[in-house]
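User: Please look closely at one part of this structure, the contact between the chains. Then carry on from there into the parts behind that contact, in one connected account.

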Amino acid sequence: MTMNLIDELREKFPGLVGPVVSESPREVLIALESPDIRPVVDYLCTGYESRLVAVFAEDRVAFEGLFYNYYVFEKRGEPGYLLFRAPIRADQPAFPSLAAELPAVNWQEREIQDWFGIEAVGHPNPRRVALHDNWPEVHPLRKDFPLRDALPPFEGERHVYRPTLGEGVFQIPVGPVHAGIIEPGHFNFAVAGEPILYLQLRMFYTHKGTEKLFEDLPIHRAVFLAESISGDSAFSHGTAFCQAIENAAAIEVPLRARVMRTILLELERVYNHIADIGAIAMDVGFVVANAHAGRLRETMLRLNEALTGSRLLRSMVSVGGVRRGWSMEQRELLSRTIVDATEEFEDLVALVRSSDSTRDRLEKTGVLRPETAKALGIVGVGGRASGVDLDVRRDHPYAAYDRYSFRVPVYQDGDVLRRVTVRIDEVRESLGILQAAADDLPDGPWCAPPQPIPAGRCALAAVEGWRGEILHWVRTGPDGRLERCKIKDPSVNNWPALVEAVQGNIIADFPVINKSFNLSYSGTDR
Amino acid sequence: MFKILQKTFSSGIATVPYPDAAPVLSENFRGAPDFDFENWLDARPAAAVCPTGAIAVEDREGHRRVTVDYGLCVFCGQCADATPEGAVRVTREFELATEDRRSLVLRADYSLTAEGRHERLLKEPTSAAAETTGQKLGASIRKVLGRALAIRQVDAGSCNGCELEIGALNNPVHDIERFGIHFVASPRHADLLLVTGPVTRNMELALQKTYAATPDPKLVVAVGACGIGGGIFGTNYATRGAVDAVIPVDVYIPGCPPRPEALLHGLLLAVGRIAAR
């Protein structure tokens, strides 16, 4: 984002757009003079074609007598993020909601209501989202709320659903304990015969106090917490967290570490995409394809273990780089496995594509229309299958992605088949990146020398996890701790897409539609 | 159809014959750390870096009690890196499942030097295991359950890491069905609940109801550092921590997450098809 734009905004909105608080090539933070950011949002999103990436809050009452709301923007072709900080007085905890115009912030604004007790005035659906209805009136991310205190037993209705009425209309409650080996959440389907009329979601069953816990742990331990935000994205979340700390403390990550991170990020994408391709085939009855996918995925997990000591790439990323280097044998195994996996993967794709009945079940199933995807701010695989051309690796390069060329697949049809196709294309691109990075791996240190993290620094970091855009925002505190860590998993944006995509589909297709998004419950719930 | 058969035949047998044969482990696999208590000069650096507090140090009147809890260990290997004297070593051991939570906890007492380092190990470290490990279930019940075991998996708050490895038990490489063990869709069909944690406040009731819906006799297996002891999350406003804080647990499988072979080991232990170490 150029300085011209900031000057332009100041001229256009005097008295609202205040001084630049901090700036770097990665991000510019601008103070607002009032909590009402609506004119700026309108200008940026309509006139300037920017995207509102995230909205979150911070409790600074003890230090400045204020809460802050942060609004993160990006614009295609500009590598830096633009952040606005809106002050909210502690004695008037309220801000004007954007959700009516920008449905993408619906859940995020309600999270601010729940976590901080700051009202999103004018929100079209201001019910609780993060705290279940039976929780007492608490706001856990306020600084005066104690992390470790046990809340009294909950009472009353856990969820209040909108009734769906009509002749022959049934409501089917599912969960939180689901039939498969998957995470918990509650789905309330309204059906008339087989087609789904309306789906209501209740998430946050796995809420673990993660963001609050980040304020309690020393940073070197918090890296492990970041790995536990969403277990299938351990390396992506871990890297996003470390990048945020590195950005805050101006730590230069050595090239070798950046290339190694790139390799591990792509390995995470590959093993998850392969599993999803198999699982989607499985959900329409193609068991053999899933067995082959499971075998190939296992090959990738063994490679992960050989490279990091952990099948799920845990305990490898660290602030400043990675925890250990690779021997010649490990590098050879990497190169060899990529070659073998490329061949195996093409066999798997041919197998899946050989089945007309599979294609028949996937095509035109669970359609998410491009205009809906854009309005809801859908990111990642689900977005790219519905025309949303976003990829952090290309748009805001990090690690060593600026060194490799790759294509970002985008489709317009938005059905399950296109979400599978995006994954297939992405695995091919990833294998290409892996091959290039493995050949490119330089010598040198794999971690920057340890250094103290200065207090009072704020920084944002983004990673394109295999699901999509992962954001971490930190404010560092004294003694190597954090005062705030905001985590945004791509699933937070994408759950409402599922609600749209299932409408009109038969309930028997729900599992495959759900799997085609494969969103993280734990990443959403934190 | 012919292509599908051809692919399947040309792939050969993928299944690893664990536990009859040794598991396929990378040389670099990080399993449980091993502690040379005798030659451990200072436990404080290891305790300081341990992400979950699995290594704890308590000093009192010139004495130090070092507690190592394998139940909370995430196999990160940081304790070994932080201990220059080589007294902590990462091994490839993963068969840690046990019926006795306390057997996962080791305690060592040291006298201290003026600098706070260990002077001398006062007595051999002991686990806090009960003297008589009472069998929680009769052998006959285990035999009945063990022949065709139906498992209901319950994610009571996990990060999904454990679920990935539990799911891998169904792939052709680990193929848990070769033991007559299979995952079922309802607790009413289940003999065993395989529970991951930490148990969140929001899943507490669902876990209790799932337990109640499972017919007797039943077994409960707690999976992973979070299921065993709350892991890095511990107990807070949103979590109850360990599974056994909410329902009774028969077997504990350490790991973060436990690899599929470790899960298999724990499950076979739970139904008495292999002996505890």
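Analyst: Fifty-residue sides meet here: 50 residues of chain B touch 50 residues of chain A. Contact means that the C-beta atoms of two residues, placed from the backbone, lie within 7 Å. This is a predicted model, in which local features need pLDDT of at least 70 and side-chain atom pairs count only at pLDDT 80 or more, while totals for chains, interfaces and linings use all residues. Residues are numbered from 1 along each chain as its sequence is written, and chains are lettered from A and ligands numbered from 1 in the order in which they are written.

On the chain B side, four elements give two or more residues each: α1 (2-11), β7 (150-155), α5 (161-168) and α6 (201-213) of chain B. Helices (H or I, at least four residues) and strands (E, at least two) are DSSP runs, numbered from the N terminus. The top contributor is α5(B), with six residues. By class, the chain B side has 25 nonpolar, 18 polar and seven charged residues. Here Ala, Val, Leu, Ile, Met, Phe, Trp, Tyr, Cys and Pro count as nonpolar, Asp, Glu, Lys and Arg as charged, and the others, Gly among them, as polar.

Now go behind that surface in chain B. The chain is split into domain 1 (33-127) and domain 2 (139-270). Such bounds come from an automatic or database domain assignment. The C-alpha centres of these two domains of chain B are 28 Å apart. Their contact draws 17 residues from domain 1 of chain B and 19 residues from domain 2 of chain B. On the domain 1 side, ten are nonpolar, three polar and four charged.

Chain B also holds an open sheet of four antiparallel strands, ordered β2-β3-β5-β6. Strands count as paired if DSSP finds at least two bridges between them. At the edges stand β2 (55-60) and β6 (118-127) of chain B; each has a single partner strand, so one side of each has no neighbour in the sheet. Neighbouring strands are turned by 20° against each other on average, direction ignored. Inside the sheet, β3 (residues 63-69) and β5 (residues 105-112) of chain B run antiparallel and are joined by seven bridges. Across this pair, R65(B) faces D109(B) of β5(B).

Turn to chain A. Its domains are domain 1 (3-121), domain 2 (169-202) and domain 3 (210-525). The C-alpha centres of domain 2 and domain 3 of chain A are separated by 27 Å. Ten residues of domain 2 of chain A and twelve residues of domain 3 of chain A make the contact. On the domain 2 side, β9 and β10 of chain A are the elements that give two or more residues. The most come from β10(A), with three residues. That side has seven nonpolar, one polar and two charged residues.

Those two strands belong to a sheet. It is open, has three strands in the order β8-β9-β10 (chain A), and pairs antiparallel. β8 (169-174) and β10 (196-202) of chain A are the edge strands, each paired on one side only. The average turn between neighbouring strands is 15°, direction ignored. β9 (residues 186-192) of chain A pairs with β10(A) over six bridges, in the antiparallel sense. F187(A) lies opposite L201(A) of β10(A).

Helices of chain A come next. α8 (255-283) and α9 (287-308) of chain A pack at about 165°, with axes 8 Å apart. Axes are lines fitted to C-alpha atoms, for helices over the stretch in contact, and angles run from 0 to 180 degrees between N-to-C directions. That angle makes α8(A) roughly antiparallel to α9(A) (over 145 degrees; under 35 is roughly parallel, 65 to 115 roughly perpendicular, the rest oblique). The crossing is left-handed, meaning that the near helix is turned anticlockwise from the far one by less than a right angle; clockwise would be right-handed. Contact residues include L264(A), L267(A) and I274(A) of α8(A) and V287(A), A293(A) and L301(A) of α9(A). By class, this contact has 17 nonpolar, five polar and one charged residues.

α9(A) has another partner. Its axis and that of α10 (residues 328-353) of chain A come within 10 Å and cross at roughly 170°. α9(A) and α10(A) are therefore roughly antiparallel. Their crossing is left-handed. Among the residues that meet are H292(A), L296(A) and L303(A) in α9(A) and L334(A), F345(A) and L348(A) in α10(A). This contact divides into 14 nonpolar, four polar and one charged residues.
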